[in-house]
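Here are a few short exercises to try with the model open beside you. Have a go at each task before reading its solution.

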Amino acid sequence: MDITPEDSIFPSAQESQLYSLRKPKGSEDGECNRTVCKQPAALYSNSTLKWYCESCAFDIQEFENTMPEPFKIFEKFYVGNNMSDK
Ligand SMILES: [Zn+2]
(Lines give C-alpha, C1' and ligand atoms only; values in the text may rest on other atoms or scores of the structure.)
Protein backbone atom coordinates (compact mmCIF):
# COMPACT_ATOMS: atom_id res chain seq x y z
CA MET A 1 0.00 0.00 0.00
CA ASP A 2 1.27 3.45 -0.86
CA ILE A 3 1.78 5.90 1.95
CA THR A 4 0.55 9.32 0.90
CA PRO A 5 2.49 12.25 2.29
CA GLU A 6 0.46 14.38 4.65
CA ASP A 7 2.08 17.64 3.64
CA SER A 8 -0.69 18.87 1.37
CA ILE A 9 -1.15 22.29 2.93
CA PHE A 10 -3.64 23.74 0.49
CA PRO A 11 -6.69 21.64 -0.35
CA SER A 12 -8.28 21.90 -3.75
CA ALA A 13 -11.15 24.33 -4.22
CA GLN A 14 -13.60 21.45 -4.25
CA GLU A 15 -12.23 20.13 -1.00
CA SER A 16 -12.31 23.57 0.55
CA GLN A 17 -16.04 23.66 -0.03
CA LEU A 18 -16.42 20.36 1.72
CA TYR A 19 -14.29 21.56 4.60
CA SER A 20 -16.57 24.50 5.15
CA LEU A 21 -19.39 22.05 5.87
CA ARG A 22 -17.40 19.82 8.17
CA LYS A 23 -15.18 19.88 11.18
CA PRO A 24 -11.49 20.38 10.37
CA LYS A 25 -9.57 17.36 9.14
CA GLY A 26 -7.74 15.63 11.95
CA SER A 27 -10.01 16.99 14.69
CA GLU A 28 -11.72 14.70 17.16
CA ASP A 29 -15.16 14.79 15.55
CA GLY A 30 -13.95 15.63 12.03
CA GLU A 31 -12.54 13.24 9.50
CA CYS A 32 -9.31 11.28 9.36
CA ASN A 33 -6.22 13.47 9.13
CA ARG A 34 -4.79 11.48 6.23
CA THR A 35 -5.04 13.61 3.09
CA VAL A 36 -6.70 11.02 0.88
CA CYS A 37 -8.97 9.60 3.57
CA LYS A 38 -12.59 10.66 4.10
CA GLN A 39 -13.49 8.39 6.99
CA PRO A 40 -14.52 9.76 10.37
CA ALA A 41 -11.74 10.15 12.90
CA ALA A 42 -11.63 7.51 15.62
CA LEU A 43 -8.16 7.39 17.16
CA TYR A 44 -5.78 10.08 18.41
CA SER A 45 -2.15 10.10 17.23
CA ASN A 46 0.48 10.76 19.88
CA SER A 47 2.85 11.61 17.02
CA THR A 48 1.03 14.22 14.95
CA LEU A 49 -1.48 15.17 17.67
CA LYS A 50 -4.26 14.68 15.13
CA TRP A 51 -7.12 12.21 14.78
CA TYR A 52 -7.25 9.33 12.31
CA CYS A 53 -9.75 6.68 11.31
CA GLU A 54 -9.19 3.18 12.60
CA SER A 55 -7.81 1.71 9.37
CA CYS A 56 -5.29 4.52 8.81
CA ALA A 57 -4.26 4.36 12.45
CA PHE A 58 -3.65 0.65 12.05
CA ASP A 59 -1.53 1.20 8.91
CA ILE A 60 0.54 3.90 10.58
CA GLN A 61 1.15 1.95 13.77
CA GLU A 62 1.71 -1.31 11.89
CA PHE A 63 4.53 0.34 9.94
CA GLU A 64 5.94 1.80 13.15
CA ASN A 65 5.78 -1.62 14.76
CA THR A 66 8.36 -2.88 12.26
CA MET A 67 10.94 -0.55 13.81
CA PRO A 68 13.39 -1.89 16.43
CA GLU A 69 11.96 0.53 18.97
CA PRO A 70 8.49 1.49 17.75
CA PHE A 71 6.98 4.77 18.90
CA LYS A 72 3.58 4.42 20.51
CA ILE A 73 1.48 6.44 18.05
CA PHE A 74 -1.79 4.60 18.56
CA GLU A 75 -1.88 2.64 21.80
CA LYS A 76 -4.58 0.32 20.47
CA PHE A 77 -2.28 -1.14 17.79
CA TYR A 78 1.05 -0.71 19.56
CA VAL A 79 2.90 -3.98 20.08
CA GLY A 80 5.65 -2.80 22.40
CA ASN A 81 9.39 -2.70 22.15
CA ASN A 82 10.66 -5.38 19.76
CA MET A 83 14.12 -5.15 21.29
CA SER A 84 13.05 -6.20 24.76
CA ASP A 85 13.15 -9.83 25.76
CA LYS A 86 10.03 -11.66 26.75
ZN1 LIG B 1 -8.22 7.35 7.49
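The exercises below use this predicted model, moving from the overall layout to single residues.

**Exercise 1. Describe the order of helices and strands along the protein chain.**

Solution. Start by counting: the protein chain has two helices and two strands. Next, follow the sequence from its start, and the elements appear in the pattern α-β-β-α. To round off the overview, look at burial: of the 86 residues in the protein chain, 17% count as buried. Finally, take the contacts between residues at least 6 apart in sequence; 23% of these join residues at least 24 apart.

**Exercise 2. Find the residues of the largest nonpolar core and say which element supplies the largest share.**

Solution. First, collect the members: the largest nonpolar core has 10 residues, namely C32, A41, L43, W51, Y52, C56, A57, I60, I73 and F74. Then assign them to elements: β2 (51–52) and α2 (54–64) each give at least two residues to this core. The largest share, three residues, belongs to α2. As background, nonpolar side chains in soluble globular proteins tend to be buried together.

Now pick one core member, W51, and list its contacts beyond four places in sequence: G26, S27, E28, G30, N33, A41, L43 and Y44.

**Exercise 3. Decide whether G30 is buried, exposed or partly exposed, and locate G30 in the chain.**

Solution. Begin with the location: G30 sits in the loop between α1 (13–21) and β1. Then count neighbours: G30 is partly exposed because 16 C-beta neighbours lie inside 10 Å, while a buried residue would need 20 or more. Last, check a distance: G30 and A41 are 11 residues apart in sequence, and their C-alpha atoms are 6.0 Å apart in space.

**Exercise 4. Compare S47 and L49 by place, exposure and backbone.**

Solution. Place comes first: S47 is in the loop between β1 (43–44) and β2, and L49 also lies in the loop between β1 and β2. Next comes exposure. S47 has 13 C-beta neighbours inside 10 Å, so S47 counts as partly exposed. L49 has 9 other C-beta atoms within 10 Å, so L49 is exposed; the cut-off for exposed is 12 or fewer.

Then look at what S47 meets: leaving aside neighbours within four places in sequence, S47 contacts F71 and I73. S47 and F74 are 27 residues apart in sequence, with 8.5 Å from C-alpha to C-alpha.

Finish with the backbone: L49 has a phi near 60 degrees, a positive value in a residue other than glycine. Most residues other than glycine have a negative phi.

Notes
Residues are numbered from 1 along each chain as its sequence is written. This is a predicted model: local features need pLDDT of at least 70, side-chain atom pairs count only at pLDDT 80 or more; totals for chains, interfaces and linings use all residues. A nonpolar core is a set of buried Ala, Val, Leu, Ile, Met, Phe, Trp, Tyr and Cys residues joined through C-beta atoms within 7 Å. Helices (H or I, at least four residues) and strands (E, at least two) are DSSP runs, numbered from the N terminus. Two residues are in contact if their C-beta atoms, placed from the backbone, lie within 7 Å.
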